[in-house]
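Visitor: Could you take me through one part of this protein at close range, please? I would like to begin with the core and then see what surrounds it.

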Amino acid sequence: MIGLTQEEKDRRAIQRKKDKYNKTHKTINEVEYKLCSICNDWQLTDMYYKNKSNNVVGLYPYCKSCAINKAHKWAINNRESSRIMKEKYAKSDKGRERNNIAWKKRTQNGSIKEYQRFNKEKIKFYQLKRKKKKHKISEVERDRCKSYFYYSCAYCRLSEIDHFKVNNQKLHLNHVDPSSANDLSNNVPACKSCNSSKGTNSLYSWYLNKSFYRLERYDYYSNGLMKIIK
Ligand SMILES: [Zn+2]
Ligand SMILES: [Zn+2]
């Protein structure tokens with residue numbers, strides 16, 4: 001392209017973009033179709049994932065099923081990176097929310113029960129693993145932690161005495177941040193009901209929706225003030 005002015009170069013570049021667009025897009029009966037760059041099929045535009053960094057059409061050049069295949073292939077060739085990314089996503093608020101929805105769906109349609117029936121060994125293994133991960137807290141520390149919270153559930157304030165009357169057991173310890181430390185810096189006393197309903201939810205997503213939510217107490221857990229009592 002020697003001898004062309006900048007203006008002419010720009011004009012040609014725009015034309016090339018337009019030609020490419022016309023080759024891969026067509027409208028039939030007011031319905032828009034797009035050519036997949038991988039499987040070479042003409043498909044409806046909602047069969048393509050959105051791509052924010054594409055400022056022309058806002059879609060990926062390949063269809064959803066090709067995108068899924070591509071992701072699978074990548075995951076097989078990059079096992080370690082894939083595992084790290086999955087873990088990171090599962091711990092994010094968005095990932096947790098989606099996992100919770102998926103879990104509820106599977107509980108309702110019974111596929112969880114079916115899975116449990118066919119994977120008894122696997123489940124035993126995970127339960128053992130979870131037991132080993134439990135709290136690195138001595139009896140003395142546990143007592144100090146409870147006394148700091150006036151022997152009541154840190155979330156709903158149910159007292160240990162009342163808890164014992166209902167559940168015939170002492171208060172549990174709950175990980176404020178489920179993915180963080182097993183020591184007192186990250187544990188508060190919790191009643192059976194709060195402990196199980198919080199589960200692996202982040203403090204933010206779980207506590208905010210509770211009737212007993214108090215902002216000053218939220219700050220209290222999330223600012224790491226628990227470290228004081230160590
Ligand atoms: Zn395709
Ligand atoms: Zn509680």
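Guide: Gladly! Please keep in mind that this is a predicted model. The largest nonpolar core has twelve residues. Its aromatic members are Tyr 155 and Tyr 207, and its leucines are Leu 158, Leu 171 and Leu 173. Val 176 and Val 188 belong to the core as well, as do Ala 154 and Ala 190, and Cys 153, Cys 191 and Cys 194 complete the set. As a general background, nonpolar side chains in soluble globular proteins tend to be buried together.

Ala 154 is a handy place to stand inside this core. If you set aside the neighbours within four places in sequence, Ala 154 is in contact with Phe 149, Val 188, Pro 189 and Ala 190. Of these partners, Val 188 and Ala 190 are themselves listed in the core. Apart from this core lies another one, of six residues, which include Tyr 48, Tyr 60, Tyr 62 and Cys 66.

Let us step back to the domains. The protein is divided into domain 1 (21-71), domain 2 (79-133) and domain 3 (139-229). Where domains 2 and 3 touch, five residues of domain 2 are in contact with six residues of domain 3. On the domain 2 side, helix α4 (residues 93-108) gives the most, with three residues. That side of domain 2 has five charged residues, no polar ones and no nonpolar ones.

Next comes the sheet. Three strands form an open sheet in the order β1-β2-β3, with antiparallel pairing. Its edges are β1 (25-28) and β3 (42-44), each of which pairs on one side only. On average, neighbouring strands in this sheet are turned by 35° against each other, direction ignored. Between β1 and β2 (residues 31-35), the antiparallel pairing runs over four bridges. To find your way along that pair, look for His 25, whose bridge partner in β2 is Lys 34, and for Thr 27, which stands opposite Glu 32 in β2. The two strands form a hairpin with two residues between them, and Asn 29 in the turn has a positive phi of about 50°.

Other asparagines are worth a look too. Asn 40 lies in the loop between β2 and β3, and its phi is near 60°, a positive value in a residue other than glycine. Asn 40 counts as exposed because it has 9 C-beta neighbours inside 10 Å, and the cut-off for exposed is 12 or fewer. Asn 168 also has a positive phi, near 60°, and is found in the loop between α8 (160-167) and β4 (172-175). With 7 C-beta neighbours inside 10 Å, Asn 168 counts as exposed.

Finally, there is Asn 55, in the loop between β3 and α2 (64-77). Asn 55 is exposed, with 7 other C-beta atoms within 10 Å. If you would like a distance to check in your viewer, try Asn 55 and Gly 95: they are 40 residues apart in sequence and 27 Å apart in space, C-alpha to C-alpha.

Technical notes: Residues are numbered from 1 along each chain as its sequence is written. Chains are lettered from A and ligands numbered from 1 in the order in which they are written. This is a predicted model: local features need pLDDT of at least 70, side-chain atom pairs count only at pLDDT 80 or more; totals for chains, interfaces and linings use all residues. A nonpolar core is a set of buried Ala, Val, Leu, Ile, Met, Phe, Trp, Tyr and Cys residues joined through C-beta atoms within 7 Å. A residue is buried if 20 or more other C-beta atoms lie within 10 Å of its own, exposed if 12 or fewer, and partly exposed in between; C-beta atoms are placed from the backbone. Two residues are in contact if their C-beta atoms, placed from the backbone, lie within 7 Å. Two strands pair if DSSP finds at least two bridges between them. Axes are lines fitted to C-alpha atoms, for helices over the stretch in contact, and angles run from 0 to 180 degrees between N-to-C directions. Domain bounds come from an automatic or database domain assignment. Ala, Val, Leu, Ile, Met, Phe, Trp, Tyr, Cys and Pro count as nonpolar, Asp, Glu, Lys and Arg as charged, and the others, Gly among them, as polar.
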